[in-house]
Each structure stands twice: as C-alpha cells, then as structure tokens.
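Hi everyone, thanks for making time this morning. Please have a look at the sequence and the structure on the screen, and I'll walk you through some parts of it.

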Amino acid sequence: MTLPKLALTATLGLGLAATLTALPASAATSDHSPVQRTSTAAGYTASGEERADTDAFIKAVMKSALAKKAKAHDKSAAVTVTYDASAAPTFADQISRSAEIWNSSVSNVTLQEGSGADFTYREGNDPNGSYANTDGHGKGYIFLDYAQNEEYDSTRVAAHETGHVLGLPDHYEGPCSELMSGGGPGPSCTNSQPDQNEISKVNELWANGLAALNKKLAAQH
C-alpha cells in the first residue's frame, strides 16, 4: 500500500536490512521490491531516514504528553504517555505486556492506557508490515500487521514499535538481545526486553524533556 505523502511526517517500520536506500523524510518510508523482501505480507519492512523519523515521532508524542503535564501542573518525576488500544483488540494482551515491559524498565516515562491518548494502536493487513507513525502534531499511531505477527514474536513486535514512540531508532544489525534490532536476528528471536543501552537512552531522552518542562514552569512563577 502506498501511503500519501502529505498524510505522514514520519513512518517507522521493522526491517531485515539496514542498507536500503533512504527515502525523503516527507515521503512514506517503506520499500517493497522483491529483491529486498522475501515476503511482502509477513516480512519486516525497512524504513527510510529512521533517525529523523524517530526524532519526529518522539518530539510529537513528547510535546503532547508534556503539554498535558504542564496543564495539570504535574510536578512528578515522570511523564505519563497515554495510549488507546481499542482499535487493535487482537493484540490487546501483547500491547498490555509491551507497556508492562517498558514501565518496569524505564523511570522517566510511563505508558498508561486511557482517554485523550497521545498515540493509538491499530491492526490489519498491510504490505508495509508493522510500523509506527505520527502526523507531526502529537497524534501518532502504531500499526500491527496480522501476517507479520504470525511469523514473528508478537510481543517483540509490539514492544519494538512502542520503542519508537519512546524515541529509539531501528538497529537491524544488532543481536537478538537488542529489542530495536527488530527482524534482523530472524523469526526465531523472541526477546521482547530492551537491553541496558536502550533503557538508558529512553531515560535520557525523557529526562531532557522533563528538564525543559520544569524550566518552563519555573519561569512562569
């Protein structure tokens, strides 16, 4: 499926190779040529300019989460990012488990299901496979592809895509112990836990966001 250029500012997928030609950041960032993919339905998709796309996603979600925190005059030590999984009932357990995994791993951001969601989960069939995207205005979503989740460990897929929301880029060449290596290690990899480097990076990113918010709130008083 070709995604409209103007509909997205970022699309992040899971891939088997990190050497695909990068696409413009404003375009849909997936490639489906048969040379690069062995299964258009179940194989992982490689994204384009992943670092820029990931930055766009986390900035949009962080902006939304921090704005709500500021409005509530919430001075707690973590940012709460809310999600809505109602449009992905097939993967309710995997999404819940993904949130538990991240919440037990990081300290500066908490994932919580609730209203006024910062991002949502969706499900269906898409030749892009599973991916995360944002419209650049704080309202992103994670799409979970049926066929891909039959071939690869579904909790790993959900946790990996949620890792993009928290600010992590793909690192396909990494080992199975790296959650963000995605499909690189192959379908036999079932690890759904981030490693220590990934945990530290997420904590650092959200600590910076908290520091900026607290500085802004202090200036208002």
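**A walk through the chain**

Let's start at Phe91, which counts as buried because its relative accessibility is 5%. Before we go on, please keep in mind that this is a predicted model. Phe91 sits in the loop between strand S2, residues 79-87, and helix H2. If you hover over Glu123, you'll find that Phe91 and Glu123 are 32 residues apart in sequence, and that their C-alpha atoms are 8.0 Å apart in space.

Let me step back for the overview. The chain has five helices and six strands. In sequence order, the pattern reads β-α-β-α-β-β-β-β-α-α-α. There are 221 residues in the chain, and buried ones make up 52% of them.

Now to helix H2. Does the distance between its ends agree or disagree with its residue count? H2 covers residues 92-105, which is 14 residues, and at 1.5 Å a residue these should span 20 Å. The end C-alpha atoms are 20 Å apart, so the two agree.

Which residues of H2 are buried? They are Gln94, Ile95, Ser98, Ala99, Ile101 and Trp102. Looking down the axis of H2, you see these buried residues fall within an arc of 160°, and therefore they line one face of the helix. Turn the helix around, and the face away from that buried side carries the exposed residues Asp93 and Ser104.

Gln94 also gives us a bridge to another helix. Val157 and Gln94 are 63 residues apart in sequence, yet their C-alpha atoms are 8.8 Å apart in space. Val157 lies in helix H4, and Val157 is buried, with a relative accessible area of 0%.

So let's move over to H4. This helix runs over residues 154-165. Its 12 residues should span 16 Å at 1.5 Å a residue, and the end C-alpha atoms are 17 Å apart, which agrees.

How many residues of H4 are buried? The count is 12 of 12, so please contrast that with what you saw on H2 a moment ago. The buried set in H4 includes Arg156, Glu161 and Thr162, along with Ala158 and Ala159. After H4 comes Gly167, which has a positive phi, near 115°.

One residue of H4 I'd like to pick out is His160. Its relative accessibility is 1%, so His160 counts as buried. The side chain of His160 is joined to the side chain of His164 by a polar contact of 3.4 Å.

From His160 we can hop to Tyr131. The two are 29 residues apart in sequence and 9.4 Å apart in space, C-alpha to C-alpha. Tyr131 is in strand S5, residues 131-134. With a relative accessible area of 4%, Tyr131 is buried as well. Its side chain has a polar contact of 3.4 Å with the side chain of Asp126.

Next, the aromatics. A pair of aromatic rings is described by how far apart the centres are and by the angle between the planes. How many aromatic pairs are there here? The count comes to six. One cluster is formed by Tyr83, Phe119 and Tyr121. There is also a charge over a ring to look at: Arg122 lies over the face of Tyr141, 3.7 Å from the ring centre.

Last stop, the cysteines. As a reminder, a disulfide is a covalent bond between the sulfur atoms of two cysteines. Searching the whole structure turns up one disulfide. Which residues form it? Cys176 and Cys189 do, with their sulfur atoms 2.0 Å apart. The link between Cys176 and Cys189 is right-handed, with 85° about the S-S bond. Both cysteines are in the loop between H4 and helix H5, residues 196-219, and they are 13 residues apart.

Are the two cysteines buried or partly exposed? Cys176 is partly exposed, with a relative accessible area of 28%. Cys189, at 4% relative accessibility, counts as buried.

That's my tour, and I'm happy to go back to any of these spots on the screen.

How values were computed:
Residues are numbered from 1 along each chain as its sequence is written. This is a predicted model: local features need pLDDT of at least 70, side-chain atom pairs count only at pLDDT 80 or more; totals for chains, interfaces and linings use all residues. Side-chain values use heavy atoms; hydrogens and water are left out. Helices (H or I, at least four residues) and strands (E, at least two) are DSSP runs, numbered from the N terminus. The expected span of a helix is 1.5 Å times one less than its number of residues. Buried means under 20% relative accessible area, exposed over 50%, partly exposed in between (1.4 Å probe, protein chains only). The arc is that of the directions from the helix axis to the C-beta atoms. A polar contact is a pair of N or O atoms within 3.5 Å; within protein, one must be able to donate a hydrogen and the other to accept it, and residues adjacent in sequence count only if both atoms are side-chain atoms. A disulfide is a pair of cysteine sulfur atoms within 2.5 Å. Rings of Phe, Tyr and Trp (its six-membered ring) pair if their centres lie within 6.5 Å; planes under 30 degrees apart count as stacked, over 60 as edge-to-face and the rest as tilted. A charge sits over a ring if NZ of Lys or CZ of Arg is within 6 Å of the ring centre and within 35 degrees of the ring normal.
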